[in-house]
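Here are some short questions on how the labels for this model are earned. Each answer sets a value against its cut-off.

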Amino acid sequence: MGRLTNKVAIITGAAVGMGAEHARLFVEEGAKVVITDLNETDGAVLAKELGENALFVKHDVSDADSWADVVAAAVEKFGPVTVLVNNAGLSGPEAFTADLDLETFNKVVAVDQTGVFLGMRAVLPGMVEAGGGSIVNISSAAAMAHLAGSPSVAYTGAKAAVRGMTKATAIEYGPHNVRVNSVHPGAILTPMAKNLMDPETIEAFAQTLPIRRFADPREVSYTVLFLASDEASYMTGSELVVDGGRLAE
Ligand SMILES: NC(=O)c1ccc[n+]([C@@H]2O[C@H](COP(=O)([O-])OP(=O)(O)OC[C@H]3O[C@@H](n4cnc5c(N)ncnc54)[C@H](O)[C@@H]3O)[C@@H](O)[C@H]2O)c1
């Protein structure tokens with residue numbers, strides 16, 4: 001308890017899935033959390049569950065203008081933002097590269113890559129002014145190797161870009177005590193995974209992993225919590241893989 005006391009965090013895409021679990025753990029550990037998502041219904045239910053230390057703001061991470069409003073809402077309700085978790089993500093279905101239409105490609109990149117850039121850009125001035133902060137960018141194990149098993153040039157490319165953008169920004173803002181790290185989940189049982197695979201495919205895929213199961217979202221939340229907290233005070237520009245051993249093979 002209390003590993004995030006006095007932290008004010010924004011977590012994007014936090015109405016369901018991993019983002020929602022990060023929000024629950026952050027509040028348990030003493031943070032004030034602004035949950036953002038396009039999904040107003042589930043976002044509002046979660047904010048109610050979490051009580052006075054949470055606020056839901058409807059938000060599209062790919063919309064540049066709305067980021068200023070999200071930061072302003074967080075500052076007004078809780079004070080200067082010291083943690084950002086860029087979690088919102090969009091995946092498939094995609095086609096093989098030669099057959100993928102530009103509209104689909106741009107839609108995925110807008111959320112998975114541009115959204116991360118916009119988020120970092122929006123919070124950095126306040127973090128510098130506050131004397132520091134922690135940004136955790138949710139990439140994917142797919143940023144290190146093509147693991148999806150289905151066409152994913154836009155998703156894989158955007159997640160690899162997040163890995164690079166994390167390091168570029170970490171180097172720029174290290175002198176201001178703003179840390180920027182990326183997390184690379186593998187197979188996590190969330191609505192995203194359930195949309196992509198039926199239960200039989202999930203079970204068959206799980207049997208190919210060194211740890212023979214999908215992860216519970218909370219198993220990623222603990223990694224995000226660590227990077228957000230002062231326990232990771234000397235970590236920046238780094239990447240933590242949470243994939244049940246898949247990339248070790
Ligand atoms: N589930 C996995 O196995 C897995 C593996 C690797 C990486 N990831 C990444 O982890 C993150 C969370 O994934 P998840 O599995 O919990 O996904 P999810 O689909 O279950 O939840 C994602 C949330 O993001 C929201 N969202 C989508 N587009 C948005 C936008 N433009 N603006 C704001 N919110 C938006 C959705 O409404 C949803 O609530 C994503 O970045 C995803 O790419 C997931």
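Q: What kind of model is this?
A: A predicted one.

Q: What makes strand 1 mostly covered?
A: Strand 1 spans residues 8-12, and five of its five residues are buried. Buried means under 20% relative accessible area.

Q: Which residues of strand 1 lie on one side, and which on the other?
A: V8, I10 and T12 are on one side, A9 and I11 on the other. All are buried, so both faces of strand 1 count as covered. In a regular strand, side chains alternate between the two faces of the sheet.

Q: Why are strand 1 and strand 2 called paired?
A: Pairing needs at least two bridges. Strand 1 and strand 2 (residues 32-37) have five, in the parallel sense, so they pair. In strand 2, K32 is the bridge partner of V8.

Q: What links strand 1 and strand 2 into a unit with a helix?
A: Helix 1 (residues 17-28) joins them in a β-α-β unit, and this unit is right-handed.

Q: Why does strand 4 count as a partner of strand 1?
A: Strand 4 (residues 83-86) shares three parallel bridges with strand 1. The cut-off is at least two, so the two strands pair. I11 stands opposite V85 in strand 4.

Q: Why is F105 called partly exposed?
A: The relative accessible area of F105 is 30%. Buried is under 20% and exposed is over 50%, so F105 falls in between. F105 sits in helix 4 (residues 102-130).

Q: Which residues form a nonpolar surface patch with F105?
A: L102 and V153. Together with F105 they have about 240 Å² of accessible area.

Key: Residues are numbered from 1 along each chain as its sequence is written. This is a predicted model: local features need pLDDT of at least 70, side-chain atom pairs count only at pLDDT 80 or more; totals for chains, interfaces and linings use all residues. Side-chain values use heavy atoms; hydrogens and water are left out. Buried means under 20% relative accessible area, exposed over 50%, partly exposed in between (1.4 Å probe, protein chains only). Helices (H or I, at least four residues) and strands (E, at least two) are DSSP runs, numbered from the N terminus. A crossover is right-handed if, with the strands pointing away from the viewer, the path from the first strand over the helix to the second runs clockwise. Patches are made of residues with over 30% relative accessible area and no salt bridge: like charges are joined within 9 Å, nonpolar side chains (Val, Leu, Ile, Met, Phe, Trp, Tyr) within 5 Å. Accessible areas come from the Shrake-Rupley method with a 1.4 Å probe; for residues, only the protein chains shown count as cover. A salt bridge is a side-chain nitrogen of Lys or Arg within 4 Å of a carboxyl oxygen of Asp or Glu.
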